[in-house]
Amino acid sequence: MSTFLSSNSSQLKFSKKFNQLSYNNNNNNKRITSRVGFRIGASSEESKPKPDLSVNVNGLKMPNPFVIGSGPPGTNYTVMKRAFDEGWGAVIAKTVSLEADKVINVTPRYARLRAGANGSAKGQIIGWQNIELISDRPLEIMLKEFKKLKEEYPDRILIASVMEEYDKHAWEELIDRVEQTGVDAIEVNFSCPHGMPERRMGAAVGQDCVLLEEVCDWVNAKATIPVWAKMTPNITDITQPARVALKSGCEGIAAINTIMSVMGINLNTLRPEPCVEGYSTPGGYSCKAVHPIALAKVMNIAQMMKSEFDDKHYSLSGIGGVETGSDAAEFILLGANTVQVCTGVMMHGYGLVKQLCSELSDFMIKHNFSSIEDFRGASLPYFTTHTDLVVRQREAIRQRKAIKQGLQSDKDWTGDGFVKETESMVSN
Ligand SMILES: Cc1cc2nc3c(=O)[nH]c(=O)nc-3n(C[C@H](O)[C@H](O)[C@H](O)COP(=O)(O)O)c2cc1C
């Protein structure tokens, strides 16, 4: 049963946001009109219009569901502008906080896992670990860059990612200053695994539902634009913080941030990697290797959202190991509205979005889907419990045996299709 949990703060944010929307993309309108004919009027493959990749998420209209995930690909004006120019559906900037001078990064801060023989420099990169903190660039500069980008790209979606200490006034100030730049939405980073837990930031909040509820209340009381809560996978049941965030007025959930990891030990020096002055610290794991784990977490959250929240008002952003249109289709089939890419952009560049769009379009054409909503969540009903799998398999075997038994008797042969009937006996 679907229960609509509304909050005054989120309703206020919706109405304000809808009034503000000035998106006027004629191309997009054309696509929607022609989409009607996709099923009815198309007579040949050539005359079929392309599938419509555009999405409308919490009132934010994007030309496609591909969003730059918070991290190095959204670290400054130049790279975010590049992302818009290449055609990304939206950009989430690198996480900002009030006092950038407290953020001190180290080098090296990345380590990679390659497929194939251990240590092979040639194997494909499948895992990526970082011990990078949030943005160490001064907030004033980041805010100026957000403002400039919104002035230059008023119809494109720019989302600020924020993180602060456990202090109501600090959160209020940060939300206020970020909103004044004209960004379209805010993603709250409750998930950075190495994000200064001693300052009660990032995953330290996302892993504690009591703290999380309080911070979400502060944020949503202040924010007048949509707020997404970014979840950490480093928790037993990810649906618990996701539920708390939505009940506290957030409009969307983004999952997952990186998975806590130790990348490896150098077997010559016996020191852990990445090695900083002989020492290391557990970091965040991303890239292809985390994709199946991210799918499971997104599936869990999507099931919870479907049963407890009104789908029309809340959104889900799938993140983790996306490098192809097929990876993205999987997140959407589980219920994600948008798909974020971080490490994939670091490895393949901003032009990756063209390949992602074309591969997703090919998938949609193959299945005759004309819009993202046509298949969003389509695979979700096929998850069940292991106990139910046993029941289903027992019943399927019983039915197959019944057919087999029937054909074992000569008297049941119909005289038609002897070959087919005997083959089915063998395969059973
Ligand atoms: C080098 C690096 C820096 C990151 N910095 C941030 C950050 O500042 N804020 C944030 O919310 N997530 C950050 N992330 C996490 C990503 O946004 C994303 O959730 C995660 O890497 C999984 O997606 P991916 O496999 O597409 O990279 C960072 C990831 C990497 C690899």
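Two strands are said to pair if DSSP finds at least two bridges between them. Strands S5 and S6 of this predicted model meet that condition, with five bridges joining them in the antiparallel sense. Within this pairing, leucine 113 stands opposite glycine 127 of S6. The two strands belong to an open sheet of four, ordered S5-S6-S14-S11, with antiparallel pairing. Strand S5 (110-114) and strand S11 (259-261) form the edges, and each pairs on one side only. From one strand to the next, the twist averages 35 degrees.

The chain as a whole contains 14 helices and 16 strands. It has 428 residues, of which 42% count as buried. Contacts between residues at least 6 apart in sequence were also examined; 72% of them join residues at least 24 apart.

A second sheet is a closed barrel. Eight strands make it up, in the order S3-S4-S7-S8-S9-S10-S15-S16, and the pairing is parallel. Neighbouring strands of this barrel are turned by 25 degrees against each other on average, direction ignored. Helix H9 packs on this sheet and touches S10 and S15. The direction of H9 makes about 170 degrees with that of S15.

Several pairings within the barrel can be followed residue by residue. S9 and S10 run parallel and share three bridges. Here alanine 229 has isoleucine 253 of S10 as its bridge partner. Strand S16 pairs with S3 through three bridges, in parallel. Valine 67 is bridged to glutamine 340 of S16. S16 also pairs with S15, again in parallel and through three bridges. In that pairing, serine 317 stands opposite threonine 338 of S16. Side chains of S16 alternate in direction: Thr338 and Gln340 point one way, Val339 and Val341 the other. All four of these residues are buried.

The largest nonpolar core holds 99 residues. Those that touch the most other members are Val91, Ile159, Ile186, Ala229, Ile253 and Val298. Ala229 and Ile253 are also the bridge partners described for S9 and S10. Isoleucine 186 gives a view of the core from one position. Leaving aside neighbours within four places in sequence, isoleucine 186 is in contact with Ile159, Ala160, Val162, Ile175, Val178, Ala223, Ile225 and Val227. Ile159 thus appears both in this list of contacts and among the core residues with the most touching members.

Two helices show how burial is arranged outside the strands. Helix H10 (residues 325-333) is mostly covered, with eight of its nine residues buried. These are Gly325, Asp327, Ala328, Ala329, Glu330, Phe331, Ile332 and Leu333. The cover over the buried residues includes three strands, S3 (66-68), S15 (315-319) and S16 (338-341), together with helices H9 (291-308) and H12 (352-367). After H10 comes glycine 335, with a positive phi near 120 degrees.

Helix H8 (residues 239-247) has Pro241, Ala242, Val244, Ala245 and Leu246 as buried residues. They pack against helix H6 (203-206), helix H7 (209-222), strand S9 (227-230), strand S10 (252-255) and H9. Glycine 249 lies just after H8 and takes a positive phi of about 105 degrees.

Alanine 378 offers a contrasting case. It is located in the loop between H12 and helix H13 (386-408). A residue is buried if 20 or more other C-beta atoms lie within 10 Å of its own, and exposed if 12 or fewer do. Alanine 378 counts as partly exposed because it has 14 C-beta neighbours inside 10 Å. From alanine 378 to isoleucine 332 the separation is 46 residues in sequence, but 8.3 Å in space, C-alpha to C-alpha. Isoleucine 332 itself is one of the buried residues of H10.

The ligand has 27 residues around it. Gly69, Gly71, Ser286, Cys342 and Thr343 come nearest. Two elements give two or more residues each to this shell: strand S6 (125-130) and helix H11 (343-348). S6 is also a member of the open antiparallel sheet. By class, the shell has 10 nonpolar, 14 polar and three charged residues.

Conventions:
Residues are numbered from 1 along each chain as its sequence is written. This is a predicted model: local features need pLDDT of at least 70, side-chain atom pairs count only at pLDDT 80 or more; totals for chains, interfaces and linings use all residues. A residue is near a molecule or strand if its C-beta atom, placed from the backbone, lies within 6 Å of it. Ala, Val, Leu, Ile, Met, Phe, Trp, Tyr, Cys and Pro count as nonpolar, Asp, Glu, Lys and Arg as charged, and the others, Gly among them, as polar. A nonpolar core is a set of buried Ala, Val, Leu, Ile, Met, Phe, Trp, Tyr and Cys residues joined through C-beta atoms within 7 Å. Two residues are in contact if their C-beta atoms, placed from the backbone, lie within 7 Å. Axes are lines fitted to C-alpha atoms, for helices over the stretch in contact, and angles run from 0 to 180 degrees between N-to-C directions.
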